[in-house]
Structures are given as C-alpha cells and as structure tokens.
Amino acid sequence: VRAARCEGYGGPEVVRVVEVDDPTPKRGEVVVRVGAAAVTVADARIRGARFPRGFGRLGRLAFGIRRPRRPILGGTVAGTVIAVGEGVDRFAAGDRVAGSTGMRFGGHAEQVAVAVDRLARIPASVDDVKAAGVLFGGMTARWVVTEKAPVKAGDRVLVVGGSGSLGTNLVQLASAAGAEVTAVTGPDNRALVEGLGAVHHVDHRSVDVFERPERYDLVIDTVGAVPRTRARSLLAPGGRAVLLVATLGELLLARGDVVAGTAPDRVEDVEALLDLVAAGSLEVVIDDVLRLDDIVAAHRRVDTGHKVGNLLIRP
Ligand SMILES: NC(=O)c1ccc[n+]([C@@H]2O[C@H](COP(=O)([O-])OP(=O)(O)OC[C@H]3O[C@@H](n4cnc5c(N)ncnc54)[C@H](OP(=O)(O)O)[C@@H]3O)[C@@H](O)[C@H]2O)c1
C-alpha cells in the first residue's frame, strides 16, 4: 500500500509518499482502508520537531531522537474495515469506523491497523471526511467544556483562536451549552465563528484582548497567545483559564484558576462527537480535502497556523 512517510525532522518536504508493506491485523485489531485522515497541528509539530517550549528533548525522547519513530503520521482516521484480527467480534469487514490511532499514528496511508477499542462505528449519514475531521479538535474541545472546565449556561467564554480545529469545536460546544462566546480570530473568520454561535468577535490583528475591559468566566487559549502570568487579568471573579498550548513551565505551574493539560484519548468521545455530527448539532468545518499525493501541500497549509477548521487527505 501507499503511505506518506516522514523520513526525518524538517519542513513539509521531508514527507514522501512511498510503498510500504500491507498492514496485518494483530489480535484485537482491524485493518481500516482509510477513507479520510486529518493532517493536524500534531502531525506538523512532530514532523518539524516543533514541540511547545520546554518540551524539545522530551518530545524527541517520546517521538524519536533523529527521526520520527512512527514515520507514518496521522492520528485520526475514518474508513472501512477490510480485515479483522483474532478475537475481534465488534466489527466485520465492510463496517465503517472512525477513531484515533493514538501514539501509533499511521493514518496517512491507504490502510492502517487499529485496535478495535479505539474505534467507533460511523453513523450512516456522516461521511468519512466529516468523521475524520471532527475528531482532533472535537475530542479536545469536548474534554475542555465538559470536564476540564465545565461550561454552564450564561458563562462568558473567550476562545482565543476560534477558527482552527480546536476553536471551531470549542465555539460550537460552548455555545450549545448556553455560554455567551467571544471568539478571537483574524478578520476573515469573523462570519464563520459567528455562524458557529459566537456572539462577540475580537480581531487579533487589530485588537489586544488584554487591553479590553471585558472579563470572562472561562478563557480557552488554543494559540499560545495567553501567557500563564497574564491569564488571570482576563478572568471575572471565580473564572478559569485553560491553556491548551502550554509551555512545559506553564504545564508544571498551572493550577487553581489557570490550568493546562492534554486531552485524553477516549472512544466514548469519538462516539459522542459522531452522534452530534449525525444529529446536525455539530458542524465539521473543512479547510480543504487533498489527495495523499498532496501531503506536502497539506503540511504546508497546516504550518501557516491559519487553516480554517480541519484539513483532510483522502488516500
Ligand atoms: N492540550 C491539548 O490537549 C491539545 C490538543 C490538540 C491541540 N493542541 C494544540 O492546540 C493548538 C491549536 O490547534 P488547532 O488544530 O486548533 O490549530 P489550527 O487549526 O491551526 O488553528 C489555527 C487557528 O488559530 C487562529 N489564530 C492564529 N493566530 C492567532 C492569534 N494570534 N489570535 C487568535 N487566533 C489566532 C487562526 O485564525 P486566523 O487565521 O483567523 O488568524 C486559525 O484559524 C495547537 O498548537 C495544538 O498543538 C492542544
């Protein structure tokens, strides 16, 4: 099968489409023919060995010292089961499934082997692009608004970076919970985030949120634009901030009303998100859908830091 292999750390051009061995399902796994896979900031960060400040060495220890240990990137996939391993009775060939491949990655390929406990069935009305598109940002957004900093009706919520993969999900899920959402994006994405439920918009090119008088019950930073030391100045009494692009220092020091962390990887969240998409309650914003052969262009687009929602490849 064909796969996009990351041959070293570097710019988008270190990724090459090559022939690799067909994956075979181990016990408890299925092989999925990939219908769509997201190309995310996580993929681009690993490819470029660009880890948040303080994580440089730790990142290479985790992902590979000289080159990615798992050279086929891609952590969220949707597609069709084509082979089942021993002990698998939940899925059969032909079933449509989506999920996160976790630290094994491997989604940027025509086929990938995935443990069945990571996969959810895709509702018939949801296509592979939407199913793969909702997961990366959706899983983190759902964790933030339901668990890390539960959003209540009437909360004033500031989403810094409202138009990306995380932001488009955060704006929608917080609005659906009854929050009054302010989204920070560039000028071109104002209409988008308002359409997703934001009632206020701040253009980060012309306005500094720290200079504004408004205070929030919850501040969610998906950009790394809110330092831990300044987050509190945006908060109303009792408010909290969740820093999703925290430096190592921030992660270690964050506590109390300014928190940081990494979303867990749970199949229940995959199921819940796919149900929301099927019900028409969650829109999957798509930046572009490219071919596997366009993987370098896909990484370039992610590297701009200005993709709108989610970028998918269809192997
Ligand atoms: N902690 C966790 O569990 C976790 C999980 C997943 C991802 N992350 C991190 O979250 C970050 C965001 O991921 P993503 O997938 O959402 O990225 P993305 O899709 O690339 O989002 C980029 C968005 O940010 C906006 N933006 C850029 N600069 C901005 C600024 N100064 N102020 C406000 N908005 C700005 C852009 O909007 P405009 O084009 O309109 O400027 C763009 O729409 C990544 O760094 C990723 O590593 C953390």
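This report walks through a predicted model of a protein with a ligand, from overall form to single residues.

## Overall form

Let us start with the whole chain. The secondary structure of the protein comes to nine helices and 15 strands. Measured out along the principal axes, the C-alpha atoms fill a box of roughly 60 × 45 × 35 Å.

How does the radius of gyration fit a compact globule? For 315 residues, such a globule would have a value near 20 Å, and the protein has 19 Å, so the two agree. Of these 315 residues, 53% count as buried.

## Around the ligand

Now for the ligand and its surroundings. The shell around the ligand holds 25 residues, and those that come nearest are Ser-163, Gly-186, His-204, His-306 and Lys-307. By type, the shell divides into eight nonpolar, 15 polar and two charged residues. Several elements each supply at least two residues of this shell: helix H1 (41-47), helix H3 (128-148), helix H4 (165-176) and strand S9 (180-185).

Which atoms of Ser-163, Leu-166 and Gly-261 lie by the ligand? For Ser-163, a polar side-chain atom lies 2.6 Å from an oxygen atom of the ligand. With Leu-166, the partner is a backbone N or O atom, 2.8 Å from an oxygen atom of the ligand. Gly-261 also offers a backbone N or O atom, and here the ligand atom is a nitrogen, at 2.8 Å. On its own, the ligand has 940 Å² of accessible area, and the protein covers 86% of that.

## A run of parallel strands

Next, have a look at strands S11, S12 and S13. Strand S11 (residues 216-221) pairs with strand S12 (residues 235-243) in the parallel sense, over five bridges. Strand S12 is also joined to strand S13 (residues 258-260), again running parallel, by three bridges.

One residue helps you find your way across these strands. Ala-241 in S12 has Val-219 opposite it, and Ala-241 also stands opposite Val-258 in S13. As a general point, side chains in a regular strand alternate between the two faces of the sheet.

## Helix H1 and the loop after it

Helix H1, already met as a supplier of shell residues, contains Ala-44. Is Ala-44 buried or exposed? Its relative accessibility is 1%, so Ala-44 counts as buried. In sequence, Ala-44 and Tyr-9 are 35 residues apart, while their C-alpha atoms are 9.9 Å apart in space.

The loop between H1 and helix H2 (56-63) holds Ala-49. The phi angle of Ala-49 is near 50°, a positive value in a residue other than glycine.

## Two buried loop residues

Two more loop residues are worth a visit. Phe-105 sits in the loop between strand S5 (96-100) and strand S6 (111-115). Although Phe-105 is not a glycine, its phi is positive, at about 50°. With a relative accessible area of 10%, under the 20% limit, Phe-105 is buried.

Asp-155 has its place in the loop between H3 and strand S8 (156-160). Its relative accessibility is 9%, and Asp-155 therefore counts as buried. What does the side chain of Asp-155 reach? The side chain of Asp-155 reaches the backbone nitrogen of Lys-152, at 2.9 Å.

Methods:
Residues numbered from 1 in each chain as written. Predicted model: local features only at pLDDT ≥ 70, side-chain atom pairs only at ≥ 80, totals over all residues. Heavy atoms only, no water. Near = heavy atom within 4 Å. Polar contact = N/O pair within 3.5 Å; in protein donor to acceptor, adjacent residues only side chain to side chain. Areas by Shrake-Rupley, 256 points an atom, 1.4 Å probe, with all protein chains shown as cover. Helix = DSSP H or I, 4+ residues; strand = E, 2+ residues; numbered from the N terminus. Nonpolar A, V, L, I, M, F, W, Y, C, P; charged D, E, K, R; others polar. Pairing = 2+ DSSP bridges. Rg over C-alpha atoms; globule rule 2.2 N^0.38 Å. Buried < 20%, exposed > 50% of the residue type's maximum accessible area, 1.4 Å probe, protein only.
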